[in-house]
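Biologist: I should like a close look at a single part of this protein, namely its interior. Please set the whole in view before turning to particular residues.

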Amino acid sequence: MKQIRNLFPILKREINGKTLVYFDNAATTQKPQSVIDELVNYYSNENSNIHRGVHTLSQHATEKYEETRIKVKQFMNAQHSEEIIFTRGTTESINLVASSFGEKFLDENDEIIISALEHHSNIVPWQLICEKKKAKLKVIPINEKGEIIIDELPKLISKKTKIIAVAHISNALGTINPIKEIIEIAHKNNIPVLIDGAQAISHFPVDVQDLDCDFYCFSGHKMYAPMGIGILYGKKELLEKMPPYQGGGEMIENVSFEKTTYNHLPFKFEAGTPNVGDALALSTAIKFIESIGYDNIIKHETELMDYCTSEMEKLGFIKFIGTAEHKAGAISFLIDGVHPYDTGIILDKMGIAIRTGHHCAEPVMNFFKIPGTARASFAIYNTKEEIDTLIKGLIAVQKMFNS
Ligand code: PLP
């Protein structure tokens, strides 16, 4: 653990005179030195625009960018590297599908199904295309534990259902959704499925062929890579049928004022100069995850989740929001009589970073009839000692407001 922590320079920082305890990993993870070095190296030695250059730098950058695509393909076990589209992150990946798939396949009165557990990024893009196409959004309900009520899904499906979009893991509650079951039900009805994997990819391996999902989206910055780079995986036969999302350089085959023809996959969906430096650093982040191994990540993070939950239970004044049987990555909670914002502010004074608020999942908060929660979320570099510090912090908050 000491070796792993040493790879993350920011973990040595002091915040308000205390060693940083970083429990806001669901918002973004910290970056290992290797990822930072990759960025510095790219801009110090390799920076060049790709694909169109004959000179050495451009060719070298193009090679490394396309090698990264192959790396991501292997990481997700996609069948073809053209199925990997570089985006700015999960939000852009979902917007791309909602806009392009919606443009091609959605007609008036058609239906899209999402769940009541979604991040705004997996709600609003669908609302936008529904508005444009006069289609309807249907929502799979959740129970009091914060779990999708899967039995309701078949009742929502109709001949008009064109796509189902659900999160792999809820960012607000940490619930792991039964996405394999959802995909099976959807495919029996010939409906494609998009999985929002923003919260899953850093916690366990994702095999898109095994899942048989049609689209899978994630953000680099939530898996130790920089901000501004993300991935859309899409099945080739679907992506091929979809129109371009944005127009510009690189996504074309030929341009004339009379008629423009589009490039083949994946370039059809990558208009303009791509984020080469961050893509290369994403490759380094994948190598970092592989060097630790998902088995070790799962073992360590499960221990952290279990330990933190049981230590919080012992306090007697914590109300858990989201008590699903299968959870990963995050614990959402409230202290009786204390606004979550105050909890966050007091903990920050002690150097402890958690997130408070609606976590971009207002419908989840509305379901529980609360304005927000406090959320502690974990990564590979967190320790039980840090959880002990959090528990001491929570006792101090409780004393300050409730004694
Ligand atoms: N989906 C989920 C479940 C998330 O947790 C997040 C970010 O917190 C997003 C989508 C949006 O990710 P980004 O802001 O990186 O595009």
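Modeller: In this predicted model, the protein contains 14 helices and 17 strands. Its radius of gyration is 22 Å, close to the 22 Å that the globule rule gives for 403 residues, so the protein is as compact as a globular protein of that length. Taken along the principal axes, the box filled by the C-alpha atoms is roughly 75 × 55 × 35 Å.

Let us consider what is inside and what is outside. Of the 403 residues, 56% are buried. The surface that the protein exposes amounts to about 17600 Å², and carbon and sulfur atoms supply 52% of that area. As for charge, there are 43 positive and 51 negative charges, and their mean positions lie 2 Å apart. Among the contacts with a separation of 6 or more, 71% are between residues 24 or more positions apart.

We now come to the interior itself. In soluble globular proteins, nonpolar side chains tend to be buried together. Here the largest nonpolar core has 79 residues, and M76, I164, Y216, F218 and L282 are those with the most contacts inside it. Helix α10, which spans residues 276–292, gives this core its largest share, 10 residues. Apart from this core lies another, of 26 residues, which includes L304, M305, F378 and I387.

F218 deserves a closer view. Not counting residues up to four places away in sequence, F218 touches V72, F75, M76, G89, T90, G197, A198, I201, M223, G230, I231 and L282. Two of these partners, M76 and L282, are also named with F218 among the residues with the most contacts inside the largest core.

V166 offers a second view of a buried place. This residue lies in strand β7, residues 161–167. Because its relative accessible area is 0%, V166 counts as buried, the cut-off being under 20%. Leaving aside neighbours within four places in sequence, V166 is in contact with S115, E118, N122, I140, I148, I179, I182, L194, I195 and D196. One of these partners, L194, is 28 residues away from V166 in sequence, yet their C-alpha atoms are 6.5 Å apart in space.

Is a charged residue such as E92 buried or exposed? E92 has a relative accessible area of 16%, so it is buried. It belongs to helix α4, residues 90–105. Outside the four places on either side in sequence, E92 touches T87, Y245 and Q246.

Some points of the backbone remain. Most residues other than glycine have a negative phi, and most peptide bonds are trans. N77, however, has a positive phi, near 55°. N77 is placed in the loop between α3 (56–76) and β4 (84–87), and with 31% relative accessibility it counts as partly exposed. H359 likewise has a positive phi, near 55°; this residue lies in the loop between β16 (355–357) and α13 (362–368). H359 is buried, because its relative accessible area is 7%. Finally, the peptide bond from L265 to P266 is cis, with omega near -5°. P266 is found in the loop between β12 (261–262) and α10, and α10 is the helix that supplies the largest share of the largest core.

Note on methods: Residues are numbered from 1 along each chain as its sequence is written. This is a predicted model: local features need pLDDT of at least 70, side-chain atom pairs count only at pLDDT 80 or more; totals for chains, interfaces and linings use all residues. Side-chain values use heavy atoms; hydrogens and water are left out. Helices (H or I, at least four residues) and strands (E, at least two) are DSSP runs, numbered from the N terminus. The radius of gyration is taken over C-alpha atoms; the globule rule is 2.2 Å times the number of residues to the power 0.38. Buried means under 20% relative accessible area, exposed over 50%, partly exposed in between (1.4 Å probe, protein chains only). Contact means heavy atoms within 4.5 Å. Accessible areas come from the Shrake-Rupley method with a 1.4 Å probe; for residues, only the protein chains shown count as cover. Lys and Arg count as positive and Asp and Glu as negative; His and the chain ends are not counted. The place of a charge is taken as NZ of Lys, CZ of Arg, CG of Asp or CD of Glu. A nonpolar core is a set of buried Ala, Val, Leu, Ile, Met, Phe, Trp, Tyr and Cys residues joined through side-chain atoms within 4.5 Å.
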